[in-house]
Each structure stands twice: as C-alpha cells, then as structure tokens.
Amino acid sequence: MVVDDSRALRRILGDIMRELGFEVVDAGHGREALTMLETTGPLDLVLVDWNMPVMNGLEFVRAVRANAAYESMPLIMVTTETEIEQMQCALESGANEYVMKPFTADVIQDKLRLLNVVCASDA
C-alpha cells in the first residue's frame, strides 16, 4: 500500500513497486489507509508519507502499531523530513525504515531487502 496525498508520488511509488512485482493499492491519507486495512487486513508492506491531510503519516504509523493485528506489518516512512529527530521519532513510533525524498527505485529496493520483504525480482 502506498499512502500519500500526492497523486504523482503515489504513481511513482506504485510504478516502482509494480516493477518489483508487487500488487499495489493506494490511499490519499492515513484515515483512508486505515479504513482500507480494516477490509484487507495486514499487507506485505506499507509506504507512507509523513505530510498528509486528515491523518498524517506519523499518526497513521502510531494507529497501526496500536493494533496487534498489524504488529508485524512492515512500514516505511517516505518523506521530505530530513532532521535526525524526525527520523528517530518515526522509527520510535513504529516505522521500520525511513526513506528521504528524493529517492530512487534502488533505495526502495534496498529498504525492502533490509526488511526481508521479498520482491519478485529477487526470487
């Protein structure tokens, strides 16, 4: 799942994930993503932007981690927030990894490998 209020970024991340062999669903903000998770259950991976309306990425990460059903679901924060304190806050809140914009497909793939999330291209 890709969660971002920018359609362009959702498209870019979605394209990267599809090229890696993933099925992609997207949401425009954290609240929409939580609603989708209620239907789908835990997913293989969620890429979430920090800065979104309605429910930002940090609030989304905290809400997901508060639900035991999503305890092991990998979350990657994708953001322009570059301060070390922000990164630490995201990781302490339950994000498994942190990607700063701008990024490349290789950066995303490296993070997936760190999290042992298997890509079709790795199989």
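The following exchange examines a predicted model through its strands, cores and backbone exceptions.

Local features here need pLDDT of at least 70, side-chain atom pairs count only at pLDDT 80 or more, and totals for chains, interfaces and linings use all residues. Residues are numbered from 1 along each chain as its sequence is written, and side-chain values use heavy atoms, with hydrogens and water left out.

User: Is strand β4 (residues 75–79) largely enclosed or open, and how many of its residues are buried?
Analyst: Strands (E, at least two residues) and helices (H or I, at least four) are DSSP runs numbered from the N terminus. Buried means under 20% relative accessible area, exposed over 50%, and partly exposed in between, with a 1.4 Å probe and protein chains only. L75, M77 and T79 cover one side and I76 and V78 the other, all of them buried. β4 is therefore largely enclosed by the rest of the structure, the buried count being five of the five.

User: Which residue in β4 does V48 stand opposite?
Analyst: Two strands pair if DSSP finds at least two bridges between them. Strand β3 (residues 46–49) pairs with β4 in the parallel sense over four bridges. Within β4, the residue opposite V48 is M77.

User: Through which helix does the chain cross from β4 to β5, and what is the handedness?
Analyst: β4 and strand β5 (residues 97–100) run parallel and are joined by four bridges. A crossover is right-handed if, with the strands pointing away from the viewer, the path from the first strand over the helix to the second runs clockwise. The β-α-β connection from β4 to β5 passes through helix α4 (residues 84–93) and is right-handed.

User: Which element supplies the largest share of the largest nonpolar core?
Analyst: A nonpolar core is a set of buried Ala, Val, Leu, Ile, Met, Phe, Trp, Tyr and Cys residues joined through side-chain atoms within 4.5 Å. Of the 23 residues in the largest one, V3, V46, V48, F60, V64 and M77 touch the most other members. α2 (30–40), β3, α3, β4 and α4 each supply at least two residues. The largest share, four residues, comes from α3.

User: Which residues does a cis peptide bond join?
Analyst: Most peptide bonds are trans. P102 lies in the loop between β5 and α5 (105–114). With omega of about -5 degrees, the cis bond joins K101 and P102.

User: Is V54 buried or exposed, and at what relative accessible area?
Analyst: V54 lies in the loop between β3 and α3. Although not a glycine, V54 has a positive phi of about 65 degrees. V54 is exposed, with a relative accessible area of 62%.
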